[in-house]
Amino acid sequence: QVQLVESGGGLVQPGGSLRLSCAASGSISSIWVMGWYRQAPGKQRDLVATITNGGNTNYADSVKGRFTISRDNAKNTVYLQMNSLKPEDTAVYYCNAQSLKGVTFFPSWGQGTQVTVSS
């Protein structure tokens, strides 16, 4: 099993920046992909960004050029640097890890951290 703990959310003004962190523990060696998802009130949980073990990244169109996902393998931590934040970025942000067991991927989720962009 993989445990994920997020930190770094908060209240920020439009145009501001925040950095989210997600520390992984447990069966670290089974993780193939880590990422961030977000869920606004009344909406579904959507992909924000992912990063593979090899460092390949993928972003939602809405955050390209503003958000950067990175990982520190020595610390088993993935980061999401969010710049030029907009009110529509307001959501609960969840860390996700996809672990491979045999031929099946299993998801793990963090508890979520609130990001509010407001003046």
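Reader: In which sense do S5 and strand S6 pair, and over how many bridges?

Author: This is a predicted model, and in it S5 and strand S6, residues 57–59, pair in the antiparallel sense over 3 bridges. Within that pairing, Ile51 has Thr57 of S6 as its bridge partner. The two strands form a hairpin with 4 residues between them, where Gly55 takes a positive phi near 95 degrees.

Reader: How many bridges join S4 to S5?

Author: S4 and S5 run antiparallel and are joined by 6 bridges. One place to look is Tyr37, which stands opposite Leu47 in S5. This hairpin has 6 residues between its strands, and Gly42 in the turn has a positive phi of about 75 degrees.

Reader: What joins S9 to strand S10?

Author: Strand S10 covers residues 104–109, and 6 bridges join S9 to it in an antiparallel arrangement. Thr104 in S10 is the bridge partner of Lys101. Here 2 residues lie between the strands of the hairpin, and Gly102 in the turn has a positive phi of about 70 degrees.

Reader: Which residues other than glycine have a positive phi?

Author: The general idea comes first: most residues other than glycine have a negative phi. Two cases to examine here are Asn76, with a positive phi near 50 degrees, and Ser84, whose phi is also positive and near 50 degrees. Asn76 is placed in the loop between S7 and S8, while Ser84 lies in the loop between S8 and S9.

Reader: Why does Ser84 count as partly exposed?

Author: A residue is called buried under 20% relative accessible area and exposed over 50%, with partly exposed in between. Ser84 counts as partly exposed because its relative accessibility is 41%. Asn76 has a relative accessible area of 28%, so Asn76 is partly exposed.

Reader: Which residues of the largest nonpolar core touch the most other members?

Author: In soluble globular proteins, nonpolar side chains tend to be buried together. In this structure the largest nonpolar core has 28 residues, of which Met34, Trp36, Leu80, Met82 and Tyr93 touch the most other members. Among the elements that give two or more residues to this core are strand S1 (2–7), strand S3 (18–26), strand S4 (31–39) and strand S9 (91–101). Setting aside residues up to four places away in sequence, Met34 touches a list of residues that includes Leu4, Cys22, Ala49, Ile51, Ile69, Val78 and Cys95.

Reader: Is Val117 buried or exposed?

Author: Val117 has a relative accessible area of 4%, and is therefore buried. Val117 lies in strand S11. Apart from neighbours within four places in sequence, its contacts include Val12, Pro14, Leu85, Pro87 and Thr90. By contrast with these contacts, a separation may also be read: the C-alpha atoms of Val117 and Thr52, which are 65 residues apart along the chain, are separated by 28 Å.

Reader: What does the side chain of Thr113 reach?

Author: The side chain of Thr113 reaches the backbone nitrogen of Gly9 at 3.2 Å. Thr113 is found in strand S11 and counts as buried because its relative accessibility is 12%. Leaving aside neighbours within four places in sequence, Thr113 is in contact with residues including Glu6, Gly8, Gly9, Leu20 and Tyr93.

Reader: Which elements have the lowest and the highest mean pLDDT?

Author: Among the elements of the protein chain, S10 has the lowest mean pLDDT, at 93, and S11 the highest, at 98. For the protein chain, the mean pLDDT is 95, and 100% of its residues reach 70 or more.

Conventions
Residues are numbered from 1 along each chain as its sequence is written. This is a predicted model: local features need pLDDT of at least 70, side-chain atom pairs count only at pLDDT 80 or more; totals for chains, interfaces and linings use all residues. Side-chain values use heavy atoms; hydrogens and water are left out. A nonpolar core is a set of buried Ala, Val, Leu, Ile, Met, Phe, Trp, Tyr and Cys residues joined through side-chain atoms within 4.5 Å. Buried means under 20% relative accessible area, exposed over 50%, partly exposed in between (1.4 Å probe, protein chains only). Contact means heavy atoms within 4.5 Å. Two strands pair if DSSP finds at least two bridges between them. A polar contact is a pair of N or O atoms within 3.5 Å; within protein, one must be able to donate a hydrogen and the other to accept it, and residues adjacent in sequence count only if both atoms are side-chain atoms. pLDDT is the predictor's confidence in each residue, from 0 to 100.
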